[in-house]
Amino acid sequence: MSRHHSRPRLRRLGAVLAAGVIATSLAACSSNASGDAGGSSAEVKLGYFPNLTHASAIVGIEKGYFKDALSQDSASLKTLDFNSGSDTIAALENGDLDATYIGPSPAITAFADSHNVSVISGATSGGASLVVNKDIKSAADLAGTTLATPGPGNTQDVALKYWLKKQGYQVSPDGQGDVTVINQDNSLTVQGFGQGQIDGAWLPEPYASLLVAEGAVKLVDEKDLWPHGEFVTTHLLVNNDFLKQHPDLVNDLLKGQIQANDYIAKNSDEAKTLVGAYIGRLTGSKIPSSTLSAAWSQLTFSNDPIADSLIGSADHAAAVGLIDPLSDLPDIYDLAPLNKLLSAAGEQEVNGPTQ
């Protein structure tokens, strides 16, 4: 049984967020067209999530960076928003998407399935934590509790199950054992925590900050588990068929990506406001300003894919029985086009895996 009491205020906020997610899910495969498709010779289909961790995509869309770069090659942009990594990868593999912003675990799954995807740029690092009710003071207090993650085998699910294993807990791949791990949408986790149904969750931002703002405590900040506090949260993944057939259009997406992260680096407050407002319009759920600021401060936006952390995540997933080992995973990276553009712009080039 869960150890904390119902939090009515948090429950109401969770309900609002849930309504937003439902609305977004209904539009998950609808598009926000950019540019004049009628006069274009090609249409590039770009996926993303309405999350803070996908701020590079949102800034690139809102500021017109992708649209402007593609227009130089007589192409237009079609954006599609998603809430499910599995749905996004299915769309990428069947050609309904050409490229997408996505987290590490779905990218690993896509590579294992088809070997027909490439990571061509990083986007975001950081912004994931294990937050729990205030009665839990240490890992030793977690026995018999129920914790949530966004989805089975997703990035945070891997992180939690591997961390629990390191603490000496036995948890099966489906979440049964010394600690129960359930999988649900982040908005439902907000509600469930408020209603006393769960004891905590390993969550991305802004959901971790939402719970902290309402009295939860941060037991683990994931950045403390990685060298230099850096781990990939979001990167840009492309269908290899599209990469081979349209390298010029892939370059255009990369130009937009670089511009977006440059804008964020130079205008952090403005970018935060822009992204928060965009998510609010799309989901119908405004992120409270204090939570937005707290969550934004946990994120780093970078073109560096932090490749070693992806390899590490795959090793962790294999260690807890969620995937089979992938010895050729380093082949997922194709960073030459990005590095060529970064060099031309006088910016630091990035590296693939060192392992």
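**Exercise 1. In which helix is His-316 found? Find its burial class and its contacts.**

This is a predicted model, in which local features need pLDDT of at least 70, side-chain atom pairs count only at pLDDT 80 or more, and totals for chains, interfaces and linings use all residues. Residues are numbered from 1 along each chain as its sequence is written, and side-chain values use heavy atoms, with hydrogens and water left out.

Step 1. Locate the residue. His-316 is in helix 13, residues 307–319. Helices are DSSP runs of H or I with at least four residues, strands are runs of E with at least two, and both are numbered from the N terminus.

Step 2. Classify it. Buried means under 20% relative accessible area, exposed means over 50%, and partly exposed lies in between (1.4 Å probe, protein chains only). His-316 has 18% relative accessibility, so it counts as buried.

Step 3. List its partners. Contact means heavy atoms within 4.5 Å. Neighbours within four places in sequence are set aside; His-316 then contacts Val-158, Tyr-162 and Trp-226.

**Exercise 2. Describe the chain as a whole.**

Step 1. Count the elements. The chain has 14 helices and twelve strands.

Step 2. Check burial. Of the 355 residues, 55% are buried.

Step 3. Check the surface. Accessible areas come from the Shrake-Rupley method with a 1.4 Å probe; for residues, only the protein chains shown count as cover. The accessible surface of the chain is about 14400 Å², and 48% of that belongs to carbon and sulfur atoms.

Step 4. Look at sequence separation. Take the contacts between residues at least 6 apart in sequence: 80% of them join residues at least 24 apart.

**Exercise 3. Work out how helices 2, 10 and 11 pack.**

Step 1. Know the rules. Axes are lines fitted to C-alpha atoms, for helices over the stretch in contact, and angles run from 0 to 180 degrees between N-to-C directions. Angles under 35 degrees are roughly parallel, over 145 roughly antiparallel, 65 to 115 roughly perpendicular, and the rest oblique. Ala, Val, Leu, Ile, Met, Phe, Trp, Tyr, Cys and Pro count as nonpolar; Asp, Glu, Lys and Arg as charged; the others, Gly among them, as polar.

Step 2. Take helix 2 (residues 55–62) with helix 10 (residues 247–266). Their angle is about 100°, and their axes are 8 Å apart. Helix 2 is therefore roughly perpendicular to helix 10. Helix 2 brings Ala-55, Ser-56, Val-59 and Gly-60; helix 10 brings Gln-257, Ala-260, Asn-261, Tyr-263 and Ile-264. By class, that contact has five nonpolar, four polar and no charged residues.

Step 3. Take helix 10 with helix 11 (residues 268–283). The angle is about 115°, with axes 5 Å apart. Tyr-263, Ile-264 and Lys-266 of helix 10 meet Ser-268, Glu-270 and Ala-271 of helix 11. Three of these residues are nonpolar, one is polar and two are charged.

Step 4. Take helix 2 with helix 11. The angle is about 90°, and the axes are 10 Å apart. This pair is therefore roughly perpendicular. Among the residues that meet are Ile-58 and Val-59 in helix 2 and Leu-274 and Val-275 in helix 11. The classes are nine nonpolar, no polar and two charged.

**Exercise 4. Find the nonpolar cores.**

Step 1. Define the term. A nonpolar core is a set of buried Ala, Val, Leu, Ile, Met, Phe, Trp, Tyr and Cys residues joined through side-chain atoms within 4.5 Å.

Step 2. Find the largest. It has 70 residues, and those with the most contacts inside it are Leu-52, Val-59, Leu-237, Val-275 and Ile-332. Helix 10 gives the largest share, eight residues.

Step 3. Find the second. This separate core has 19 residues, including Ala-159, Val-171, Val-181 and Trp-226.

Step 4. Zoom in on helix 10. Val-250 lies there. At 1% relative accessibility, Val-250 is buried. Beyond four places in sequence, Val-250 contacts Ile-120, Val-238, Phe-242 and Leu-243. Val-250 and Ile-120 are 130 residues apart along the chain, yet their C-alpha atoms are separated by 8.9 Å.

**Exercise 5. Decide how enclosed helix 7 is.**

Step 1. Count. Eight of the nine residues of helix 7 (residues 186–194) are buried, so the helix is largely enclosed by the rest of the structure.

Step 2. Pick one. Asn-186 lies in helix 7 and is buried, at 14% relative accessible area. Not counting residues up to four places away in sequence, Asn-186 touches Pro-150, Leu-203, Pro-204 and Tyr-207.

Step 3. Look just past the end. Gly-196 takes a positive phi of about 80° there.
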